[in-house]
Amino acid sequence: MDKQVAKKPRVLIIIASQDIGGPGKGIFQFIENAPKGDFEYILCNFNFRNRTIGQFADEASKKKLNLILLKQRFTFDPLMLLQVRDIILKNNINIIQTHGYKSGVIGLFMKRLYHIPWIGFAHGYIEVGKKLKLYNRLDRMILKYADRVVTVSDSMKKLLKEAGVKEDKIKVIYNAIAQTDATPSASTESIMDYYGIKNLHKVIGVVGRLSPEKGQVIFLKAFKKAVKMYPQAKALIVGDGPDRGMLEEYCKKNGIDDKVVFTGYQKEIANFYQVFDMLALPSFTEGLPNAVLEAMIFGVPVIATSVGGVPEVINNSNGILVPPDNHELLADKMIKLLQDDGLRKSLGLKGRESLYPRFSPSHRASQILDLYKELLAKG
C-alpha cells in the first residue's frame, strides 16, 4: 500500500449504530464545523442483512456525505474486514476513526495490517445486562491498542485508565452544542396544542432513551410527589426504548397518566426545549449527555444526577445536582424550581452563559483536527 500522505489526507470514520444517537450527532457536527479543504472524510455504517438503511445512513445521504455501507451478515462477520480493507486500499486512507466496539475491532485489525493511525472514541458505557457488560469490556480492551482514545469527560478518562488504557493516549474532548441548535422547526404554540399543554402548566422535560440506566422510573416517583405539591406540573418524556411500556403502566397505576405525556422518538428535539420550564436528568450513568447541553442553549434550567461527566458541565451555580437513585431529593428540587420563577430564569441564564467557548462545535472540531495532524506528523 502506498503510505504517502495525499495533499488532502483522508479519514475513514466507522460507526456501527444505525440510529442517530450522541456519537452520530457528533460525527455530523464535526464534519460540518471542520475547516473545508483540510481533510476528506469517508463514512462507514453497517447494513445488517441488507435491511432498510437506518437513520444515520439516511441523514448522511441527505447531507451528501461520502458514505459506504458495510454489508453485515451476522454480529462478527469477518467479511466486513475485507470490505474495509478494499476501502482503505482504494481510497489511500491516512487515519481511521472508530465509534463503538464493533468498529473498534475493525480499527485494530486495519492498524495492525496497514500501520494506519487509529483513533478510537469512547462515548460512555451502558452497564445493563450481561451482553452489554461483555461488549463494554471488549471495547475497553480493544481501545488499549489505539494510537489515541478520545473520550467525553474526565470521569470517562478515569474509567479508561482503570481498564488499562495509557493516560498519554487519552484525550478528553467534550461534546458540543451549536447556537443554531436552538432554532425550532415548529412554533411553541403548535407543540403546546399538540401535546395538550396549557399556559397554566409548568413543563418538566425528560429527554433520552427509555431504558433502565436513564432512571426515568426515579423521575416518575419524584414527579408523583411533586405534582401533589404543584398540581399545574406536567411531564413531557421525549424518547423511546424498552422501558416505555413499564413506565406508562407505572403512570396508570399511580394516577399520574393524565399529567405525563410520552412523545416517542423525536428527530426535531429543539421543538421541545422551547416548551420546557426545566429539564430533569435522573440517570444512573452518563458519559456527557447532549440533553444537558441542549437544555442549556435554550436557557432551560437543569436538575441532573451527579454521575459521569455531568458535574463537569453542571454545578450548583448554573444548575442543580442531586445524587442518583434519590427520588425524594429530586422531587424537593423540582418543587423548589416549580414554585420559584426567578430561580428558574436565573439558573437558565447562567447555564446558557457557561457554555462557550468550552462546548462550541468549532472548538471541538479544532481539537479533533489537532489529533489528526499530530498522528500524521509522526508518520
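Which residues in helix 1 meet Phe-56, Glu-59 and Ala-60 in helix 2? I'll start with that one, since it brings us into the structure at a single spot. What you have in front of you is a predicted model. The residues on the helix 1 side are Gly-24, Ile-27 and Phe-28. Sorted by class, the residues of this contact are four nonpolar, one polar and one charged.

Now the geometry of that pair. The axes of helix 1 and helix 2, the latter being residues 55-62, come within 11 Å and cross at roughly 15°. That makes helix 1 roughly parallel to helix 2, because angles under 35 degrees count that way. The crossing of helix 1 past helix 2 is right-handed.

Staying with helix 1, there is an aromatic pair to look at. The model has a count of twelve aromatic pairs. One of them is Phe-30 with Tyr-41, an edge-to-face pair at 5.4 Å centre to centre, with 80° between the planes. Phe-30 lies in helix 1, residues 22-33, and Tyr-41 in strand 2, residues 40-48, so the pair ties together parts that are eleven residues apart in sequence.

Strand 2 takes us to a sheet. This is an open sheet of seven strands with parallel pairing, and the order is 3-2-1-4-5-6-7. Which strands stand at the edges? They are strand 3, at 67-72, and strand 7, at 170-172; each has a single partner strand, so one side of each is left without a neighbour in the sheet. From one strand to the next, the twist averages 25°.

For a closer view of the pairing, take strand 5, residues 118-122, and strand 6, residues 148-151. These two run parallel and are joined by four bridges. Ile-119 has Arg-148 in strand 6 as its bridge partner. As background, strands of a sheet pair through backbone hydrogen bonds, either parallel or antiparallel.

A helix also lies across this sheet. Helix 14, residues 361-377, lies across strand 1, strand 2, strand 4, strand 5, strand 6 and strand 7. Its direction is about 150° to strand 5.

Next, another pair of helices. Helix 3 covers residues 79-91 and helix 4 covers residues 101-114; their axes come within 10 Å and cross at roughly 50°. That makes helix 3 oblique to helix 4. Here too, the crossing is right-handed. Helix 3 contributes Met-80, Leu-81, Val-84, Arg-85, Ile-88 and Leu-89, and helix 4 contributes Ile-106, Phe-109, Met-110 and Tyr-114. By class, the contact has nine nonpolar residues, no polar ones and one charged.

That leaves the other sheet on my list. It is open, has six strands in the order 10-9-8-11-12-13, and its pairing is parallel. Strand 10, at 260-264, and strand 13, at 320-322, are at the edges with a single partner strand each, so one side of each has no neighbour in the sheet. The twist in this sheet averages 20° from one strand to the next.

How many bridges join strand 12 to strand 13? There are three, and the two strands run parallel. Within that pairing, Ala-304 stands opposite Leu-321 in strand 13.

Finally, helix 12, residues 327-339. Helix 12 lies across strand 8, strand 9, strand 11, strand 12 and strand 13, and runs at about 160° to strand 13.

Notes: Residues are numbered from 1 along each chain as its sequence is written. This is a predicted model: local features need pLDDT of at least 70, side-chain atom pairs count only at pLDDT 80 or more; totals for chains, interfaces and linings use all residues. Side-chain values use heavy atoms; hydrogens and water are left out. Two strands pair if DSSP finds at least two bridges between them. Axes are lines fitted to C-alpha atoms, for helices over the stretch in contact, and angles run from 0 to 180 degrees between N-to-C directions. Contact means heavy atoms within 4.5 Å. Angles under 35 degrees count as roughly parallel, over 145 as roughly antiparallel, 65 to 115 as roughly perpendicular and the rest as oblique. A crossing is left-handed if the near helix is turned anticlockwise from the far one by less than a right angle, and right-handed if clockwise. Ala, Val, Leu, Ile, Met, Phe, Trp, Tyr, Cys and Pro count as nonpolar, Asp, Glu, Lys and Arg as charged, and the others, Gly among them, as polar. Rings of Phe, Tyr and Trp (its six-membered ring) pair if their centres lie within 6.5 Å; planes under 30 degrees apart count as stacked, over 60 as edge-to-face and the rest as tilted.
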